[in-house]
Amino acid sequence: MKLPESYYHNPDVVALSRDLIGKYLFTNIDGELTGGYIVETEAYAGVNDKAAHSYGGKVTPRTQTMYMQGGISYVYLCYGIHEMFNVVVSGEGHPHAILIRAVHPTDGLDVMMLRRNMEIVKPNITKGPGSVAKALGISRKINAMTLQSDVIWIEDRGLTFSNEEVAAGPRIGVDYAGNDALLPYRFYVKGNIYVSKPNK
DNA sequence: GAGATGATTAGCT
DNA sequence: GCTAATCATCTCC
């Protein structure tokens with residue numbers, strides 16, 4: 001049921017971001033299975049996107065992961081506190097990535113609560129990219145890991161959302177990117193309680 | 001080797 | 001709504 005390697009080789013990162021809505025993301029870290037279906041994504045489109053780390057074809061020890069063959073993870077630390085999980089897509093040399101911003105949890109809720117230091121399940125348990133990574137146990141240790149592994153993977157369980165249920169809009173937290181900050185590269189399920197920020 | 005900064009979040013007002 | 005927390009990474013010297 002895992003999405004095949006070829007799924008990630010699509011060079012149209014924006015179309016894939018839309019398609020990932022409703023897919024199931026799972027991790028099996030330290031023997032604890034956690035996961036749920038994706039309700040919010042953002043596309044980061046290669047060398048021409050000012051908001052992407054890879055803008056202008058920049059390659060550094062951190063960003064080299066984005067240039068690898070699609071179908072792997074890209075995990076990195078932001079603000080010294082939050083780790084973010086991205087899916088690398090397209091082919092080698094094309095630094096396209098999709099940031100997973102929110103997940104609707106279905107499995108391992110108790111484990112997520114422990115990781116998040118929560119007593120009860122609240123919507124913000126997997127709301128926002130930093131929260132998703134923490135709840136699912138994602139860390140930089142699994143940077144550049146293939147999504148065909150048994151540690152982290154994405155499944156298609158036949159869940160789909162219609163175009164009426166999915167909205168597109170500008171990305172969050174990329175105001176510095178000038179005109180590119182306005183691109184409708186963010187996709188989310190309207191009204192879902194796990195979606196961050198504007199939600200209508 | 002030092003200085004600036006960010007795909008953010010939580011907690012308080 | 002506002003702001004502190006907090007550090008790997010990048011950019012120059």
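1. A polar contact is a pair of N or O atoms within 3.5 Å; within protein, one atom must be able to donate a hydrogen and the other to accept it, and residues adjacent in sequence count only if both atoms are side-chain atoms. The side chains of R101 and S196 are joined by such a contact, of 3.3 Å.

2. On the basis of the note: this is a predicted model, in which local features need pLDDT of at least 70 and side-chain atom pairs count only at pLDDT 80 or more, while totals for chains, interfaces and linings use all residues. Residues are numbered from 1 along each chain as its sequence is written, chains are lettered from A and ligands numbered from 1 in the order in which they are written, and side-chain values use heavy atoms, with hydrogens and water left out.

3. On the overall fold: chain A contains three helices and eight strands. Helices (H or I, at least four residues) and strands (E, at least two) are DSSP runs, numbered from the N terminus. Along the sequence their order is α-β-β-β-β-β-α-α-β-β-β.

4. On dimensions: the radius of gyration of chain A is 16 Å, which agrees with the value near 16 Å for a compact globule with 200 residues. This radius is taken over C-alpha atoms, and the globule rule is 2.2 Å times the number of residues to the power 0.38. Along the principal axes, the C-alpha atoms of chain A fill a box of roughly 45 × 35 × 35 Å.

5. On burial and contacts: of the 200 residues in chain A, 55% are buried. Buried means under 20% relative accessible area, exposed over 50%, and partly exposed in between (1.4 Å probe, protein chains only). Contact means heavy atoms within 4.5 Å. Among contacts in chain A between residues at least 6 apart in sequence, 60% join residues at least 24 apart.

6. On R101: this residue is placed in strand 5 (residues 96-107). R101 counts as buried because its relative accessible area is 7%, a value under the 20% limit. Apart from neighbours within four places in sequence, the residues in contact with R101 include E40, E42, K127, I172, R186 and S196.

7. On salt bridges: a salt bridge is a side-chain nitrogen of Lys or Arg within 4 Å of a carboxyl oxygen of Asp or Glu. The count by this rule is eight. One of them joins R101 and E42, with the closest N and O atoms 3.4 Å apart. This pair links distant parts of the chain, since R101 is in strand 5 and E42 in strand 2 (residues 32-45), 59 residues apart. E42 counts as buried, at 0% relative accessibility.

8. On a second pair: D49 and R171 meet through their side chains in a salt bridge of 2.7 Å, N to O. Distant parts of the chain are again linked: D49 is in the loop between strand 2 and strand 3 (72-78), and R171 in the loop between strand 7 (166-169) and strand 8 (186-189), 122 residues apart. D49 is buried at 2% relative accessibility, and R171 is buried with a relative accessible area of 5%.

9. On a third pair: E83 and R140 form a salt bridge whose closest N and O atoms are 2.8 Å apart. E83 lies in strand 4 (residues 82-89) and R140 in the loop between helix 3 (129-135) and strand 6 (152-155), so the pair ties together parts that are 57 residues apart in sequence. E83 is buried, with a relative accessible area of 18%, whereas R140 is partly exposed, at 46%. As for a network, salt bridges that share partners join E40, E42, R101 and R186.

10. On DNA strand B: this strand is surrounded by 23 residues, the closest being H82, M84, N86, G128 and Y176. A residue is near a strand if one of its heavy atoms lies within 4 Å of it. A polar side-chain atom of N86 lies 2.8 Å from a base nitrogen of DNA strand B, while a backbone N or O atom of G128 lies 3.5 Å from a phosphate oxygen of that strand. Strand 3, strand 4, strand 5 and helix 3 are the elements that give two or more residues to this surface.

11. On DNA strand C: the surrounding residues include K58, R62, Y79, G80 and R140. Sugar and phosphate account for 71% of the atoms of DNA strand C that come within 4 Å of the protein. A backbone N or O atom of Y79 is 2.7 Å from a base oxygen of DNA strand C, and a polar backbone atom of R62 is 3.4 Å from a phosphate oxygen of DNA strand C.
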